[in-house]
Amino acid sequence: CDEFYNEFSSIYSDISVDTGNTVWNSLDVLWNGATVFLSVEICNVFPFDLQATRIVADAAFDDPDGCQFGSFLGGNFDPKDDVIIATGVSWYPETPFMIPGGECKKTPSIPIDVPVTTEIVYRIADEAVYKSRLCLSIKNMVLDAGIVGPSNEAFSWTQPLDLSKISVIGTNDCVAAPDCNNEISPKVQQNFQSNLWQLNGQIQIQDSGNMRLTKGDGQEQNSAFLLQKYSMTDDWTVDATIQHSSSGRSCWTGGCSNWGSFGFVFQQDSQTKKGTGDYAFSGYGAESLGVIFDEPWNPTTTKSAKIFKGGNVADGSELSTSWDVDLLDSGAVNAFRVSYNAYSKVLQMWCNPGSDIDLNVLPKITLQIDLNTIFTKESGYAWVGFSSAIGSATIRPSSSVFKAKSYKFSGVRTVLSKTQIEEDGLVLGKQGTFVVDARASCGTYRFSGGDLWEFKLKNPVAGTEVSIPDSNVVDMNTGQYTVSYNVGSVSGSWQVWAKLTNDGGSTDQGEVKIGDFVVSA
């Protein structure tokens, strides 16, 4: 009975929560309060039906950013976890809620009434207006469920559950940081070399080794992309330092709508692609991602970092926004980092003054996103680089000049001590194939190829060694490699040894045994 119960417990520890985005007009909260809607997805992996009879939970807000602009709204509150909004939220289905065997089913929406208090109103308003993070934690949740027998009698139990960091309003930016970040190694690291870049528009690589992102003499749209494509669907990191210089702000009649914008763009259109219009990411194709920094002409105007996809920069189209970006004063240098964890599907962005990223502080943006849904062509490989723009109603003469002083693109590193053949321990023929699953330092599977290998098969008992020709290794571009072999007439236990010839890591991994197989006599 204990084993039976524990097996059910493991099912319901994997539950997901969706929340409604009903709290858009924050000012209505002052008079009418607010409601957040919760639905619970219950998955039944067994071949018989289950019946859910009750869900009870407490709810709280976690505000990791606090009210950054509280003075504008009349109040200021520091970051805080566990701002209680409701206790004893309950759901009792009016009719039997059945989950068929082998299926998942979501409950109807469960309303959570948010009380009208000064603190909660300001935190909600700050989130709705400025798109900072306001997250929902579900605590002390219990689920009553049972197995329904032939005569409708039920074997019932109560399962406690805790859920946290659920996005309430706007984009899904409440995701927790990945538990483990894989080791990466530089693919491109430089002060800029013209033979590695395609330059479009006014972008120029200067004698000093800097890349001038904007010329600063009027409206312009520019881009620069590395000549080699890189995988967007595996782990990667971009690091850069950017310097801004300006010499004044005289404007076209009618105002200065946009001093300048720049950012990191990843796209599958072409090397020569650049944006259109007044913004650094407008006009890119469907298979594109932009992390764009907006530097308004007016130094008192709020500066921002926004993440877009598909070239769409219309208001409300951003996937995530941070207003907490101390962008560049004239002559200053800022460090920027954008990082993607493919296993957790989490994109993060840091920026801070100086030439080095401070990883002791939280990232400015943490966004749950699956880049496989954006980069759908060419096994997820894309052009990687910069985009910049100065708008049409901008500076005259325009004086906003951005320079990239350094750039590094790093990709996940295959770690041989974690890598293994799929046929480990199996009996194989004297000739045939085996499959190598490349893994990273966290033990997660690689999702892209590109590694160059040396494979050897060793039979210690027979004292025989077979080297595998490069032509016998097929890169599947998925993190898997198919290897054809022939050990002749030698049977017994064979070891598979591997070495990477283009590792790029800080230490040499050498030759490592990644599996064994047996050849019968």
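Analyst: Let's sort residue types before we start: Ala, Val, Leu, Ile, Met, Phe, Trp, Tyr, Cys and Pro count as nonpolar, Asp, Glu, Lys and Arg as charged, and the others, Gly among them, as polar. The model above is predicted, so local features need pLDDT of at least 70 and side-chain atom pairs pLDDT 80 or more, while totals for chains, interfaces and linings use all residues. Residues are numbered from 1 along each chain as its sequence is written, and side-chain values use heavy atoms, without hydrogens and water.

User: Where do I begin with the whole chain? What does its secondary structure come to?

Analyst: The protein chain has 4 helices and 34 strands, taken as DSSP runs (helices H or I, at least four residues; strands E, at least two) and numbered from the N terminus. Of its 521 residues, 49% are buried. Buried means under 20% relative accessible area, exposed over 50%, and partly exposed in between (1.4 Å probe, protein chains only).

User: How do I read burial for a single residue? Is Asn222 buried or exposed?

Analyst: Asn222 is buried, since its relative accessible area is 0%. This residue belongs to strand β14, which covers residues 220-226. Beyond its neighbours within four places in sequence, Asn222 has contacts (heavy atoms within 4.5 Å) with residues including Asn200, Leu213, Lys274, Tyr284 and Phe386. Across the chain, 72% of the contacts with a separation of 6 or more link residues 24 or more positions apart.

User: Now salt bridges, please. How many does the structure hold?

Analyst: Side chains of opposite charge can pair when their charged atoms come close. Here there are 11 salt bridges, each a side-chain nitrogen of Lys or Arg within 4 Å of a carboxyl oxygen of Asp or Glu. In one of them, Glu183 pairs with Arg413, with the closest N and O atoms 2.6 Å apart. Glu183 sits in the loop between β9 (154-167) and β10 (184-190) and Arg413 in the loop between β25 (401-412) and β26 (420-421), so this pair ties together parts 230 residues apart in sequence. Glu183 is partly exposed at 30% relative accessibility, whereas Arg413 is buried at 3%.

User: Which residue forms a salt bridge with Lys458?

Analyst: Lys458 pairs with Glu511, the closest N and O atoms being 3.1 Å apart. Lys458 is in strand β29 (residues 453-459) and Glu511 in the loop between β33 (492-500) and β34 (512-519), so parts 53 residues apart in sequence are tied together. Glu511 counts as partly exposed because its relative accessibility is 33%. Salt bridges can also share partners: Glu183, Arg413 and Asp503 are joined into one network that way.

User: What about empty space inside? Which residues line the second largest cavity?

Analyst: A cavity is a set of points, on a 1 Å grid over the protein atoms alone, where a 1.4 Å probe fits but cannot get out; lining residues have an atom within 4 Å of a point. The second largest cavity is lined by Ser185, Lys187, Val412, Arg413, Thr414, Asp451, Leu500, Asn502 and Asp503. Sorted with our opening scheme, they give 2 nonpolar, 3 polar and 4 charged residues. One of them, Asp451, meets Arg446 in a salt bridge (3.5 Å, N to O). Asp451 is buried at 12% relative accessible area, and Arg446 is buried at 6%.

User: One last feature: what is the phi of Glu378?

Analyst: Glu378 has a positive phi of about 50°, although it is not a glycine. This residue lies in the loop between β23 (365-368) and β24 (381-390) and is partly exposed at 45%. Asn477, likewise not a glycine, has a positive phi near 60°; its loop runs between β31 (473-475) and β32 (480-486).

How values were computed. 1 Å grid on protein atoms, 1.4 Å probe; cavity = no way out; pocket = protein on both sides within 12 Å on 5 of 7 lines; lining within 4 Å.
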